Amino acid sequence: MVSVSSAHGFISVVARSLMAALPLLLSGSLVKADDLRSVQGLATPESAVIGHDGRIFVSEIGGFGKDGDGKVSAIGKAGNAESFASGFDDPKGLAASRNAIFVADKTRIWKVDMQGKATVFVKAADFPQTP
């Protein structure tokens with residue numbers, strides 16, 4: 001079971017990550033209009049986050065309400081989308097830390113290492129109410 005303090009710690013990490021990226025996003029130093037391009041191969045994109053290594057991670061929900069067919073794709077500097085981790089239930093929210101991507105699906109929070117290995121970080125039973 002994840003304690004309230006560790007869940008609060010996770011939220012703090014996410015908030016710090018977002019605050020750290022905000023100046024870069026506002027300054028436009030991450031992406032310039034001339035650098036924008038189409039990315040092929042994303043079927044059902046939902047959320048995106050920039051990883052510490054510069055890759056853009058995109059959650060894809062798969063078939064709506066169909067468990068296990070969601071995934072996270074990674075887009076590298078060349079602009080190609082490649083499957084990074086799979087087996088999620090309608091993944092939506094993403095957060096990046098130095099060594100992992102956190103994925104929130106319908107009932108769990110997953111921790112995905114930078115090689116794409118996913119492990120359950122917070123299981124459904126750890127929430128005060130079942131999601």
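**Note on the predicted model: salt bridges, sheet and confidence**

1. The side chains of D89 and R108 meet in a salt bridge, with 2.9 Å from N to O. This pair links distant parts of the chain. D89 sits in the loop between β4 (81-88) and β5 (94-96), R108 sits in the loop between β6 and β7, and 19 residues separate the two. The structure is a predicted model, and the distances below should be read as properties of that model.

2. On the R108 side, the loop in question runs between β6 (100-104) and β7 (109-113). The link to D89 also registers as a polar contact between the two side chains, at 2.9 Å. Leaving aside neighbours within four places in sequence, R108 is in contact with D89, V103, V120, V122, K123 and A124.

3. Is D89 buried or exposed? D89 has a relative accessible area of 11%, which is under the 20% limit, so D89 counts as buried. The pair is also part of something wider: D89, D105 and R108 are linked in a network of salt bridges.

4. The count of salt bridges in the model comes to 5. Side chains of opposite charge can pair when their charged atoms come close. One of the salt bridges joins D53 and R55, whose closest N and O atoms are 2.7 Å apart. Both partners are partly exposed: D53 has a relative accessible area of 37%, and R55 has one of 23%.

5. A further salt bridge is formed by the side chains of D126 and K123, at 3.3 Å from N to O. Here the partners fall into separate classes of accessibility. D126 counts as buried at 13% relative accessibility, whereas K123 counts as partly exposed at 41%. K123 has already appeared above, among the contacts of R108.

6. Turning to the sheet, 4 strands form an open arrangement in the order β1-β2-β3-β4, with antiparallel pairing. The edge strands are β1 (45-50) and β4, each of which pairs on one side only. Neighbouring strands of this sheet are turned against each other by 20 degrees on average, direction ignored. Strands of a sheet pair through backbone hydrogen bonds, either parallel or antiparallel.

7. Within that sheet, β3 (residues 70-75) and β4 run antiparallel and are joined by 6 bridges. Which residue of β4 is the bridge partner of K71? The partner is S86. The end of β4 leads back to point 1, as D89 lies in the loop between β4 and β5.

8. I101 lies in strand β6. With a relative accessible area of 0%, I101 is buried. Not counting residues up to four places away in sequence, I101 touches V49, G51, F57, L94, A95, A96, W110, K111, V112 and M114. I101 and H52 are 49 residues apart in sequence, and their C-alpha atoms are 9.3 Å apart in space.

9. On confidence, the protein chain averages a pLDDT of 81, and 72% of the residues score at least 70. Over residues 10-15 the pLDDT is below 50, and this stretch has 4 contacts in the model beyond near neighbours in sequence. Residues 21-29 also stay under 50, and for them the model has 3 contacts beyond four places in sequence.

Methods. Residues are numbered from 1 along each chain as its sequence is written. This is a predicted model: local features need pLDDT of at least 70, side-chain atom pairs count only at pLDDT 80 or more; totals for chains, interfaces and linings use all residues. Side-chain values use heavy atoms; hydrogens and water are left out. A polar contact is a pair of N or O atoms within 3.5 Å; within protein, one must be able to donate a hydrogen and the other to accept it, and residues adjacent in sequence count only if both atoms are side-chain atoms. Contact means heavy atoms within 4.5 Å. A salt bridge is a side-chain nitrogen of Lys or Arg within 4 Å of a carboxyl oxygen of Asp or Glu. Buried means under 20% relative accessible area, exposed over 50%, partly exposed in between (1.4 Å probe, protein chains only). pLDDT is the predictor's confidence in each residue, from 0 to 100. Two strands pair if DSSP finds at least two bridges between them. Axes are lines fitted to C-alpha atoms, for helices over the stretch in contact, and angles run from 0 to 180 degrees between N-to-C directions.
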